[in-house]
Amino acid sequence: MARITAGVASSHVPLLGVAVDQGKTQDDYFGPIFKGYEWTKKWEEEQKPDVIVLVYNDHASAFDANIIPTFAIGCGETYKPADEGWGPRPVPDVEGHADLGWHIAQSLILDDFDMTIINEMEVDHGLTVPLSMMFGQPDNWPVKVVPLAVNVVTYPVPSGNRCWALGEAIARAVESFPEDLNVQIWGTGGMSHQLQGPRAGLLNREWDNKFLDLMIGETDAARHIPHIEYLRETGSEGIELIMWLIMRGALGKKTKCLHRHYHIPCSNTAIGHLVLEPDN
Ligand code: DHB
Ligand code: FE
């Protein structure tokens with residue numbers, strides 16, 4: 001039986017992908033950011049997950065204003081890194097797990113979540129930067145990935161409560177897959193960031209850390225944070241944090257925190273990172 005063994009949350013700032021690709025992870029600026037991922041890199045080497053259900057958002061790379069799926073799941077065999085304007089990142093193709101992807105898609109749809117099914121797409125920094133943060137620069141990524149894309153770019157975006165419930169349904173789906181697989185669920189994006197307008201560069205350390213606290217232990221209060229609070233407290237792109245709720249919902253009633261990291265600034269955003277285990 002497949003099982004979700006852990007949840008990983010991380011911001012997916014594109015500049016961090018550039019730092020990895022250009023060998024700058026140890027310099028004065030990036031060093032303290034990457035130091036907070038060293039624990040996780042070692043832990044991932046020991047954990048050896050088979051598959052990651054990687055919750056992320058596409059930033060107008062695979063989708064655009066013509067088609068805006070609220071929740072989309074990748075059921076393909078492989079995904080190439082997207083060209084986001086300066087050529088695709090020099091990272092390996094991402095290998096999918098089509099059988100698990102289709103199984104989760106079927107389970108979610110029959111569980112009343114109307115997923116968009118994706119067989120072919122390119123994946124952008126939302127997905128590849130967290131892989132680089134957790135696995136460095138291997139010739140091939142050491143895990144398969146089931147991408148799960150969430151619309152956080154164009155309103156209306158899904159409610160936090162819906163995201164949490166989707167996570168719970170993903171856990172049921174994974175647990176009903178007959179093959180013995182070690183599956184992790186990752187939530188990416190956030191933390192506070194506003195990329196444009198007069199409030200560009202807004203950082204809110206206090207609110208971000210309260211949100212990190214809410215991912216740990218038994219509380220499910222985060223599922224009821226309204227969209228307007230993310231906007232007001234963390235900036236317009238802080239809404240990406242609702243993707244962490246899918247990860248958290250999939251871990252069940254209670255979590256234990258194995259690792260926590262927060263740093264500002266990174267580019268003109270905050271980064272946050274958690275490694276959680278179900279503690280039910
Ligand atoms: C930036 C872009 C993102 O998608 C994100 O999540 C954080 C930062 C950026 O352009 O700096
Ligand atoms: Fe983003």
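**Exercise 1. A residue in a charged patch**

Task: In this predicted model, find the place of E77 in the chain. Then decide: is E77 buried or exposed?

Solution:
- Step 1. Look between strand 3 and strand 4 (78-81): the loop there holds E77.
- Step 2. Take the relative accessibility of E77, which is 58%.
- Step 3. The cut-off for exposed is over 50%, so E77 counts as exposed.
- Step 4. Now look around E77 on the surface. Together with D50, D99 and E179, E77 gathers in a patch of negative charge.

**Exercise 2. The iron ion**

Task: Which protein residues are donors of the iron ion (ligand 2), and how are these donor residues spaced in sequence?

Solution:
- Step 1. Start at the iron ion (ligand 2) and pick out its protein donors: H12 and H59, each through NE2, and E240 through OE. They lie 2.1 to 2.2 Å from the ion.
- Step 2. Write the donor residues in sequence order, with the spacing: H-x46-H-x180-E.
- Step 3. Place the two histidines. H12 sits in the loop between strand 1 (3-10) and helix 1 (14-21), while H59 sits in the loop between strand 2 (51-56) and strand 3 (71-74). The pair is 47 residues apart and links distant parts of the chain.
- Step 4. Check how covered each histidine is. Buried means under 20% relative accessible area; H12 has 3%, so H12 is buried. H59 has 25%, so H59 is partly exposed.

**Exercise 3. Salt bridges across the chain**

Task: How many salt bridges does a search of the whole structure find? Describe three of them, with R172, R223 and K253 as starting points.

Solution:
- Step 1. The search finds twelve salt bridges.
- Step 2. Begin with R172, whose side chain meets that of D111 at 2.9 Å, N to O. R172 belongs to helix 5 (residues 160-175), and D111 to the loop between helix 3 (98-110) and strand 6 (116-118), 61 residues apart. Both partners are partly exposed: R172 has a relative accessible area of 44%, and D111 is at 26%.
- Step 3. Move on to R223, which forms a salt bridge with E168; their closest N and O atoms are 3.7 Å apart. This pair joins the loop between helix 6 (205-214) and helix 7 (227-234), home of R223, to helix 5, home of E168, across 55 residues. R223 is buried at 13%, whereas E168 is partly exposed at 30%.
- Step 4. Finish with K253 and its partner E218, where the closest N and O atoms are 3.9 Å apart. K253 lies in the loop between helix 8 (242-249) and strand 10 (255-266), and E218 in the loop between helix 6 and helix 7, 35 residues apart. K253 is exposed, with 61% relative accessibility, while E218 is partly exposed, with 48%.

**Exercise 4. A network**

Task: Which residues are linked with R223 in a network of salt bridges?

Solution:
- Step 1. Recall the bridge between R223 and E168.
- Step 2. Add D220: E168, D220 and R223 are linked in a network of salt bridges.

**Exercise 5. A cysteine in a helix**

Task: Where is C163 found, is C163 buried or exposed, and how many residues apart in sequence are C163 and F71?

Solution:
- Step 1. Go to helix 5, where C163 is found.
- Step 2. Its relative accessible area is 0%, so C163 is buried.
- Step 3. Count along the sequence: C163 and F71 are 92 residues apart. In space, their C-alpha atoms are 9.4 Å apart.

Technical notes: Residues are numbered from 1 along each chain as its sequence is written. Chains are lettered from A and ligands numbered from 1 in the order in which they are written. This is a predicted model: local features need pLDDT of at least 70, side-chain atom pairs count only at pLDDT 80 or more; totals for chains, interfaces and linings use all residues. Side-chain values use heavy atoms; hydrogens and water are left out. Donors are N, O and S atoms within 2.8 Å of the metal (3.2 Å for Na, K and Ca); water is not among the atoms, so sites may look incomplete. Helices (H or I, at least four residues) and strands (E, at least two) are DSSP runs, numbered from the N terminus. Buried means under 20% relative accessible area, exposed over 50%, partly exposed in between (1.4 Å probe, protein chains only). A salt bridge is a side-chain nitrogen of Lys or Arg within 4 Å of a carboxyl oxygen of Asp or Glu. Patches are made of residues with over 30% relative accessible area and no salt bridge: like charges are joined within 9 Å, nonpolar side chains (Val, Leu, Ile, Met, Phe, Trp, Tyr) within 5 Å. Accessible areas come from the Shrake-Rupley method with a 1.4 Å probe; for residues, only the protein chains shown count as cover. Lys and Arg count as positive and Asp and Glu as negative; His and the chain ends are not counted. The place of a charge is taken as NZ of Lys, CZ of Arg, CG of Asp or CD of Glu.
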